[in-house]
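Colleague: I'm new to this one, so please pick a single part and walk me through it closely. Start at one end of that part, and tell me afterwards what else is worth a look.

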Amino acid sequence: INYFKQLLNAQDEEGRSMAVIALGRVDLHNSWQILCECLNDQNPKVRMETLKALGSHPPIPQEYSQKMLALIDDPVREVRITLIELLGSSKNPEFIKPLLKALEDSDDWVKARAIESLGNMDTDQVVPELTAQLEAENPLVAIKAIEALAKIGGEAAFSAVLSVLEGGNPDLQSPAEEALAAISEGQPG
């Protein structure tokens, strides 16, 4: 373990990445404070591996989730996406707010991952925000919103997806029809 801690100071990012991965797997409980420092590494790969290491054993403890959340504004898209995927897979309601913030990201891939993560949260409280994404210029974002609404289900989600079908956008027709069927099948009765 000491070898990996020393490797965190390596000049090359591969060495630092391997150290982060190893400490995350072998000694996360005792190494999380050192790993949190790696969230500030100049190399995006090291920051991504650090996020994965810290988020590898859900639920993510608050001691380091707050430090992880600072990367929601990281300049590198892949780092933001990594964080968003970890937040969504945790299903922790505390992460809904940062995921909603990610819907404002300028990158459509980041938005799409945030939408997927919100769909994984199993709460209908995000239906209004997901419904707003149905108007996105990029069909990928709108399709992800349709899929997330289908996962969440309920009357509000059904109504939102039905309005997409009525809107007549050919790119969204098939996903909307599939989502409506899925929501209908999930309803009692």
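Modeller: Let's start just past the end of helix H11, where Gly168 follows with a positive phi, near 80°. Keep in mind that this is a predicted model, where local features need pLDDT of at least 70 and side-chain atom pairs count only at pLDDT 80 or more, while totals for chains, interfaces and linings use all residues. Residues are numbered from 1 along each chain as its sequence is written, and side-chain values use heavy atoms, with hydrogens and water left out. Helices here are DSSP runs (H or I, at least four residues), numbered from the N terminus.

Now back into the helix itself. H11 has 13 residues, 155–167, and at 1.5 Å a residue it should span 18 Å; its end C-alpha atoms are 18 Å apart, so the two agree. That expected span is 1.5 Å times one less than the number of residues.

Which residues of H11 are buried? They are Ala157, Ala160, Val161 and Val164, where buried means under 20% relative accessible area, exposed over 50%, and partly exposed in between (1.4 Å probe, protein chains only). Looking down the axis of H11, the buried residues fall within an arc of 90°, so they line one face of the helix. The arc is taken from the directions from the helix axis to the C-beta atoms. Those buried residues pack against helix H9 (127–132), helix H10 (139–152) and helix H12 (170–186), with contact meaning heavy atoms within 4.5 Å. On the face turned away from the buried side, H11 carries exposed Glu155 and Glu166.

Next, the nonpolar core. The largest one has 60 residues, and Leu54 and Met68 have the most contacts inside it. Such a core is a set of buried Ala, Val, Leu, Ile, Met, Phe, Trp, Tyr and Cys residues joined through side-chain atoms within 4.5 Å. H10, one of the helices that H11 packs against, gives the largest share of this core, eight residues. Leaving aside residues up to four places away in sequence, Met68 touches Leu39, Leu51, Leu54, Gly55, Ile60, Leu83 and Leu86.

Last, two loop residues. Ala70 sits in the loop between H5 (62–69) and H6 (77–90), and it is exposed, at 54% relative accessible area. Asp41, in the loop between H3 (28–38) and H4 (44–54), counts as buried because its relative accessibility is 12%.
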